[in-house]
Amino acid sequence: MQDRFICPDGISGRADKILSAHYPNFSRVLIQQSMEEGKITYADGSGILPKSKISPGDILLVSLHRQSTEDLKPYECELSVLYEDDHILVVDKESGMVVHPGDGTDDTTLVHALLHHCGEDLSKVGAPLRPGIVHRLDKETSGVMVVAKTELAHLSLVDQFANRKTIKLYQAIVSGKLNGMGEYCQPIGRHPTVRVKMSVSDKGKPALTRWKSLKNFGDYFTQVECEIRTGRTHQIRVHFSSSGHSLVGDKTYGYKIKRKEVVSFPRIMLHACRLGFHHPKTMDKMEFMAPLPQDFSQCLQQLDQEYL
């Protein structure tokens, strides 16, 4: 369905910003994509770019729709649900589960499981193969995640994550000995040669990780709590690796098994233990905790036995 949009009096500026304000149920990203795909044009059919300036009286032909998720097959899987209402779903994601479909994934991602659990009650805002997804955890990272069931919830939560209005706490086991507390603030960007990795880079985006030591296991390992004030890909893993304290089990970012190591780490030991945000409808403050999973707790017990 095509809509005829006339830029109102007193309004001028970037086309994508003006349209996103006029169509609040559609994300700015979707509007930008629609422009690039020729689904939004001037009245004469000529193309328009997101950064193009429009003025009062300018007429645009707007066709906004989202790709269907019909090709995604629901996956029957028991989710650990921490909270659910008509707007949001909060889950404790298990380690080993990929959040959304992508190259090399199968039909057992969190998105597939959400489709089974929620049916059509998932926000379609954003990428077509990521219904409900407003943030993500790496495959091996366990812990608390919030999912959007409505467009209102999606837009509100994305804004909260983007503007650092959320609380995100993690626990990790890192190599070496750390005491007290500190922070890493090096910018993070795509690795210059290995494109699937991230790295500390002057050309990267700002990143801030605050940490405090919870427990030392000799000079070999430390249990830490981390708060991230930004959400860069692999942020905690990259920051600790760059400081010489790679997360245990994280071979991608430099963790090496020691010859005399007596504790077996089944994965990258990183867990999202706490998430805080405002409810997108009521704006009430909400916080959710995900207890340490069994494999994480067992590793801590083994470290207690071997290094204390």
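Which residues of H3 are buried?

1. This is a predicted model, in which local features need pLDDT of at least 70 and side-chain atom pairs count only at pLDDT 80 or more, whereas totals for chains, interfaces and linings use all residues. Residues are numbered from 1 along each chain as its sequence is written, and side-chain values use heavy atoms, with hydrogens and water left out.

2. The buried residues of H3 (buried meaning under 20% relative accessible area with a 1.4 Å probe, protein chains only) are Leu110, Val111, His112, Ala113, Leu114, Leu115 and Cys118. Helix H3 spans residues 110-118, and because seven of its nine residues are buried, it is largely enclosed by the rest of the structure. Helices (H or I, at least four residues) and strands (E, at least two) are DSSP runs, numbered from the N terminus.

3. The buried residues of H3 pack against strand E6 (81-84), E7 and E8, where contact means heavy atoms within 4.5 Å. After H3 comes Gly119, which has a positive phi, near 65 degrees.

4. The structure holds zero disulfides, a disulfide being a pair of cysteine sulfur atoms within 2.5 Å. Cys118 is accordingly in no disulfide, and the nearest cysteine sulfur, that of Cys77, is 13 Å away. Cys118 is buried, with a relative accessible area of 9%, and Cys7 is also buried, with a relative accessible area of 2%.

Terms used: Buried < 20%, exposed > 50% of the residue type's maximum accessible area, 1.4 Å probe, protein only.
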